[in-house]
Amino acid sequence: MFKWLYDKFQEGRLFMMKIAIIGTGNIGGNLARIFTRKGHTVSIANSSNSQALHELAKETGATPSTVQDVAKGADVIIVSIPTKGILNLPAEFLAGIAPEAVVIDTGNYYPLHRDGAIEPIEKGLPESRWVEEQIKHPVIKAFNATNWYNLTEEIQSQLPGRFALPVSGDDPAAKAIVSQLVAEAGFDPVDAGGLDESWRQQPGSPAYCTDLGVEDMRKALAQATKERKPESSGIRSSEEELKTAQEMQKAFFATLDQAIQVLTEANQWTEALATKRLIAQFMTGKSPEAILGHVFEHKRLD
């Protein structure tokens, strides 16, 4: 599969592709910005066909489309939607793709505040293997293991070096194509094995959103364990305990969004910069409650 694309990659040649992106949130939207800047032909779609979709199209030069039609003729299809949203994709959304098209899953499973529990994943099926089973097409897992703001020009221009991103999948040629796109997006790709090993880059793993270089990323992937952390699992001993966990996590993320908005407005920061600086505070080991409380009281970070 993917021979003509792979041959060009092996020759070290840059090549332009037709890329379809389903989902225009922080990941999908910024990938649309990146790949249009790189000269690829990009089509975008989201579930609501909202005004924001058309604004992104106007900003980037991407072509707005519907989820049903966006992938027609595409060489690469990037699926960047909540995991639960996979079940709502039209049955034939991949019917018109190019014969050797590559499908990329950028998604992460968040059972408490967004997706609800998905039993096969809770039992150990890698998240992207589950996605593959639902859409009935091989996928490559990539772009899921970095904070979204690292995909913006503003943040990348401030970085001292390139971060590494893991790429998992079963077809070496497809992974090579995706690895080129990862490199074009400003990261060093790291082969993370087959799709059955993609749990090593899922939420809660040492490789997930930890801003590592290549060697440290390889170590982090090797150190991963299959056990899901409580904050990444929708399984609890009772329905009441699960409901409490869901309410707590939803409340936390709602408060986090409010804090980002406060920092953005008070300091004239972009959302990307405000998010990055707030997350950096969390990484110091300080209490998230104390950090958020300080933000609301002083409208700044110390």
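Two strands count as paired if DSSP finds at least two bridges between them. The exercises below apply this criterion, and others, to a predicted model.

**Exercise 1. The sheet**

Task: Determine in which order the strands of the sheet are arranged, and which strands stand at the edges.

Solution.

Step 1. Begin with strand 2, residues 41–45, and strand 3. They are joined in the parallel sense over 2 bridges, and the criterion asks for at least two. Within this pairing, Ser43 is placed opposite Thr63 of strand 3.

Step 2. Continue to strand 1. Strand 1 and strand 2 run parallel and are joined by 5 bridges; here Ile19 has Val42 of strand 2 as its bridge partner.

Step 3. Strand 1 also runs parallel to strand 4, with 4 bridges between them. Ile22 is matched with Val79 of strand 4 in a bridge.

Step 4. Strand 4 in turn pairs with strand 5, again in the parallel sense, over 4 bridges. In this pairing Ile78 has Ile104 of strand 5 as its bridge partner.

Step 5. Assemble the order. The open sheet has 6 strands, arranged 3-2-1-4-5-6, with parallel pairing. Strand 3 (63–64) and strand 6 (140–141) each have a single partner strand, so they stand at the edges and one side of each lacks a neighbour in the sheet.

**Exercise 2. Surroundings of the strands**

Task: Establish why strand 2 is described as largely enclosed, which way the residues of strand 4 point, and which strands helix 8 lies across.

Solution.

Step 1. A residue is buried when its relative accessible area is under 20%. In strand 2, 4 of the 5 residues are buried, so the strand is largely enclosed by the rest of the structure.

Step 2. In strand 4, Val76 and Ile78 point one way, whereas Ile77 and Val79 point the other way; all of them are buried.

Step 3. Helix 8 (residues 172–184) lies across strand 1 (18–22), strand 4 (76–79), strand 5 (102–105) and strand 6. The helix runs at about 60 degrees to strand 5.

Step 4. Ser179 is a residue of helix 8. At a relative accessible area of 17%, Ser179 is buried. Beyond its neighbours within four places in sequence, Ser179 contacts Val167 and Pro189. Ser168 is 11 residues from Ser179 in sequence and 9.8 Å from it in space, C-alpha to C-alpha.

**Exercise 3. The nonpolar cores**

Task: Identify which residues of the largest nonpolar core touch the most other members, and which helix gives the most to this core.

Solution.

Step 1. In soluble globular proteins, nonpolar side chains tend to be buried together. The largest nonpolar core of this model holds 53 residues, and Phe143 and Leu278 touch the most other members.

Step 2. Helix 11 (residues 271–282) gives the most to this core, contributing 6 residues.

Step 3. Examine Leu278. With neighbours within four places in sequence set aside, its contacts are Leu256, Ala259, Ile260, Leu263, Ile291, Leu292, Val295 and Leu301.

Step 4. Another core, of 26 residues, lies apart from the largest one; Ala71, Ile86, Leu89 and Val103 are among its members.

**Exercise 4. The cavities**

Task: State how many cavities of 30 Å³ or more there are, and which residues line the largest cavity.

Solution.

Step 1. The count is 2 cavities of 30 Å³ or more.

Step 2. The largest cavity contains about 50 Å³ of space.

Step 3. Its lining consists of Val79, Ile81, Thr83, Ile86, Asp105, Gly107, Asn108, Glu127 and Val131.

**Exercise 5. Loop residues**

Task: Decide whether Gly85, Lys136 and Gln268 are buried or exposed.

Solution.

Step 1. Gly85 belongs to the loop between strand 4 and strand 5. Its relative accessibility is 17%, so Gly85 counts as buried. In sequence Gly85 and Asn144 are 59 residues apart, and in space 16 Å apart, C-alpha to C-alpha.

Step 2. Exposed residues have over 50% relative accessible area. Lys136, in the loop between helix 6 (127–135) and strand 6, has 72% relative accessibility and therefore counts as exposed.

Step 3. Gln268, in the loop between helix 10 (239–267) and helix 11, has 76% relative accessibility and likewise counts as exposed.

Step 4. Consider the backbone. Most residues other than glycine have a negative phi. Lys136 has a positive phi, near 60 degrees, and Gln268 has a positive phi near 55 degrees.

Technical notes. Residues numbered from 1 in each chain as written. Predicted model: local features only at pLDDT ≥ 70, side-chain atom pairs only at ≥ 80, totals over all residues. Heavy atoms only, no water. Contact = heavy atoms within 4.5 Å. Axes fitted to C-alpha atoms, helices over the stretch in contact; angles between N-to-C directions. Core = buried A, V, L, I, M, F, W, Y, C linked by side-chain atoms within 4.5 Å. Buried < 20%, exposed > 50% of the residue type's maximum accessible area, 1.4 Å probe, protein only. 1 Å grid on protein atoms, 1.4 Å probe; cavity = no way out; pocket = protein on both sides within 12 Å on 5 of 7 lines; lining within 4 Å. Points joined across faces, edges and corners; volume = space filled by probe spheres on them.
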